[in-house]
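Trainee: I should be grateful for a close look at a single part of this structure, beginning with the annotated positions. Please then set that part beside the rest in one connected account.

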Amino acid sequence: MTMDDHVPNKGISNGTSHSDWSPSSWRTKPIKQPVNYGNQALVDKATAKLRRFPPIVTPTEIWKLRRALAEVAQGKAFLLQGGDCAELFDYCNDQAIDSKVKLLLQMSLVLIWGGNKPVVRIARMAGQYAKPRSSPMETVDGKQMPSFRGDILNGYPSDQRAIDPDRLVQAYFHSAATLNYLRAQLASGIADLHNPMEWELGHVGDLELQQKYTKIVESISESLRFMRTVGADTAGQLETVDLFTSHEGLLLEYEEALTRKLKHPSNRNVPPTPKPAPKVSPLTGGALLNPSIPQDPETTGHYNTSAHFLWVGDRTRQPDHAHIEYFRGIENPIGIKVGPTTTPADLTQLLDIVDPRRETGKVTLITRYGEAKVAELLPQHIAAVRQPGTHSGLAMRSHARQHAVHHLGDQNAVFRRDLLGIGRRAEDTQGVRLDFGGRLQDEDLGARYETFCDPRLNEKQALELAFLVAGSQRGTEG
């Protein structure tokens with residue numbers, strides 16, 4: 001049994017304008033990964049609460065990220081996204097949050113050293129509670145039970161597998177609490193570049209890796225001392241960083257409830273929509289106004305306020321289905337998973353739907369092919385989006401997840417091929433996305449994470465890949 005399409009009673013054709021779009025128009029489309037809640041009244045009660053809650057993120061923050069991603073697409077910055085594949089409510093505690101933030105800061109420091117350009121940091125935190133599954137049921141210890149679909153729907157223990165609509169509300173509060181603590185820590189100086197050794201190296205016992213990281217820190221510290229000596233210290237700019245949140249937009253009931261029509265912020269930047277030439281009156285020679293054409297610039301838009309950045313997964317990116325219908329209407333920057341089943345024609349069709357105005361920084365392509373396919377498929381997809389008149393303002397980043405719990409060598413080989421596929425020049429490598437779990441020993445991976453998600457990188461392995469990317473940018477092996 002698979003997670004088959006749920007087809008609604010009626011449908012409408014998908015257009016490229018937003019005039020036929022609303023936060024709920026996805027309900028007119030067939031949907032992958034449907035959820036059978038059992039009690040619709042409880043779902044309605046939960047989503048009604050969500051609609052009354054304040055936004056978790058703001059349009060100003062969303063547009064700050066969009067402008068930063070435009071810099072990435074233009075080769076002026078590098079994108080780092082990292083965090084949990086399947087975030088648990090239990091991870092909403094200070095130690096778990098701090099360990100992941102510090103790891104992102106360490107990795108970004110290595111990448112800044114490697115590429116000599118700013119790093120845009122996006123955490124897979126504060127909302128990554130949903131998990132796509134190939135089947136709604138699974139067998140555990142010989143017993144059939146509902147699959148674990150993430151804490152936003154059900155729990156992993158066998159006695160918590162029933163879908164619980166109240167978990168939608170719990171997801172909101174865990175997201176809000178995580179981001180609230182994250183903001184407080186950033187405001188309190190956790191990211192202060194004057195004290196990078198305070199980020200620690202956790203459980204990284206690899207002496208060579210420690211030495212490489214320490215060498216970078218000492219080099220930065222020496223540069224900061226020199227700047228202070230000559231009176232060019234920019235201390236205020238080095239005490240904090242921007243760190244944005246993200247998750248897969250899988251559960252559309254939740255995303256719809258947190259989508260708001262809000263006033264555009266002052267930092268919004270989009271190309272003007274060309275207006276058709278007005279018809280001329282044969283009697284007066286004056287212009288005839290068409291009331292269906294807006295005469296004033298847009299002042300409001302629909303923002304998903306659950307996270308700064310959302311992406312659509314490989315299982316749900318069908319052009320005529322519900323998830324793409326939802327994603328095409330929101331102002332947030334979005335990601336699209338691209339893999340072996342994506343043809344160049346499929347990719348350009350998707351981009352025409354979600355980004356008809358070809359806005360630089362709007363869409364990020366998340367590539368994940370596997371070692372056998374990356375050399376063949378990645379150049380085809382790059383060529384498809386870089387043709388004249390197409391979506392050249394895209395950021396592309398490689399997705400790295402460990403294929404074997406204790407062996408990183410194969411993953412390094414895949415990653416090297418990805419980096420070479422994106423471009424022979426270091427400046428063509430635009431970003432990296434990593435699944436990691438913070439401070440975990442190699443031996444902890446299988447015990448603590450394999451049951452919730454595919455094996456992911458621990459702190460040591462994530463830093464190794466950061467040095468690998470940095471080495472490719474500097475023309476060395478890292």
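Mentor: A residue is called buried when its relative accessible area is under 20%, exposed when the value is over 50%, and partly exposed in between. The model is a predicted one, and every value below is computed from it.

With that cut-off in hand, consider Cys85. Cys85 has a relative accessible area of 10% and is therefore buried, since the limit is 20%. Its place in the chain is the loop between strand S1 (78-83) and helix H3 (94-115). The unreviewed UniProt entry assigns the feature "binding site" to Cys85, together with Asp454. The same feature name, again from an unreviewed entry, is placed by UniProt at Arg124, Lys337 and Arg368. Of these, Arg124 belongs to strand S2, which covers residues 119-124. Arg124 has a relative accessible area of 2% and is thus also buried.

Between H3 and S2 lies a loop that contains Asn116. The phi angle of Asn116 is near 55 degrees, a positive value in a residue that is not glycine. Asn116 counts as exposed, with 71% relative accessibility. A second residue of this kind is Asp141, which has a positive phi of about 55 degrees although it is not a glycine. Asp141 sits in the loop between strand S3 (137-140) and strand S4 (143-146), and at 80% relative accessibility it counts as exposed.

H3, the helix that follows the loop of Cys85, leads to the interior of the model. The largest nonpolar core holds 65 residues, and those with the most contacts inside it are Met107, Ile152, Leu168, Leu251, Tyr254 and Phe436. H3 supplies the largest share of this core, namely 9 residues. For Met107, once neighbours within four places in sequence are set aside, the contacts are Leu80, Leu434, Phe436, Ala462, Leu463 and Ala466. There is also a second, separate core of 27 residues, and among its members are Leu252, Ile330, Leu350 and Val354.

Leu168, named above among the residues with the most contacts in the largest core, also takes part in a helix pairing. Helix H1 (residues 40-52) and helix H4 (residues 166-187) have axes that come within 7 Å and cross at roughly 25 degrees. Angles under 35 degrees count as roughly parallel, and H1 and H4 are therefore described as roughly parallel to each other. On the H1 side, the residues that meet H4 are Ala46, Thr47, Lys49 and Leu50, and their counterparts in H4 are Leu168, Val169 and Tyr172.

The charged side chains deserve equal attention. Side chains of opposite charge can pair when their charged atoms come close. In this model there are 18 salt bridges. One of them joins Glu298 to Arg268, with the closest N and O atoms 3.3 Å apart. This pair links distant parts of the chain, as its two residues are 30 residues apart: Glu298 is in the loop between strand S8 (287-288) and strand S9 (300-304), and Arg268 is in the loop between strand S6 (259-263) and strand S7 (279-280). Glu298 is partly exposed, at a relative accessible area of 48%, whereas Arg268, at 18%, counts as buried.

A similar reading can be given for Asp314 and Arg317, whose side chains meet in a salt bridge at 2.7 Å, N to O. Here Asp314 is partly exposed, with a relative accessible area of 35%, while Arg317 counts as buried at 8% relative accessibility. A further salt bridge connects Arg358 and Asp352 at 3.2 Å, N to O. Arg358 has a relative accessible area of 34% and is partly exposed; Asp352, at 32% relative accessibility, likewise counts as partly exposed. Salt bridges with shared partners also join Arg66, Arg268, Glu298, Glu331, Arg357 and Glu359 into one network.

These details may be set against the whole. The protein comprises 12 helices and 14 strands. It has 478 residues, of which 52% count as buried. Among contacts between residues at least 6 apart in sequence, 78% join residues at least 24 apart.

Key. Residues are numbered from 1 along each chain as its sequence is written. This is a predicted model: local features need pLDDT of at least 70, side-chain atom pairs count only at pLDDT 80 or more; totals for chains, interfaces and linings use all residues. Side-chain values use heavy atoms; hydrogens and water are left out. A salt bridge is a side-chain nitrogen of Lys or Arg within 4 Å of a carboxyl oxygen of Asp or Glu. Helices (H or I, at least four residues) and strands (E, at least two) are DSSP runs, numbered from the N terminus. Buried means under 20% relative accessible area, exposed over 50%, partly exposed in between (1.4 Å probe, protein chains only). UniProt positions are given in the numbering used here, feature names are shortened, and annotations may be inferred rather than shown by experiment. A nonpolar core is a set of buried Ala, Val, Leu, Ile, Met, Phe, Trp, Tyr and Cys residues joined through side-chain atoms within 4.5 Å. Contact means heavy atoms within 4.5 Å. Axes are lines fitted to C-alpha atoms, for helices over the stretch in contact, and angles run from 0 to 180 degrees between N-to-C directions. Angles under 35 degrees count as roughly parallel, over 145 as roughly antiparallel, 65 to 115 as roughly perpendicular and the rest as oblique.
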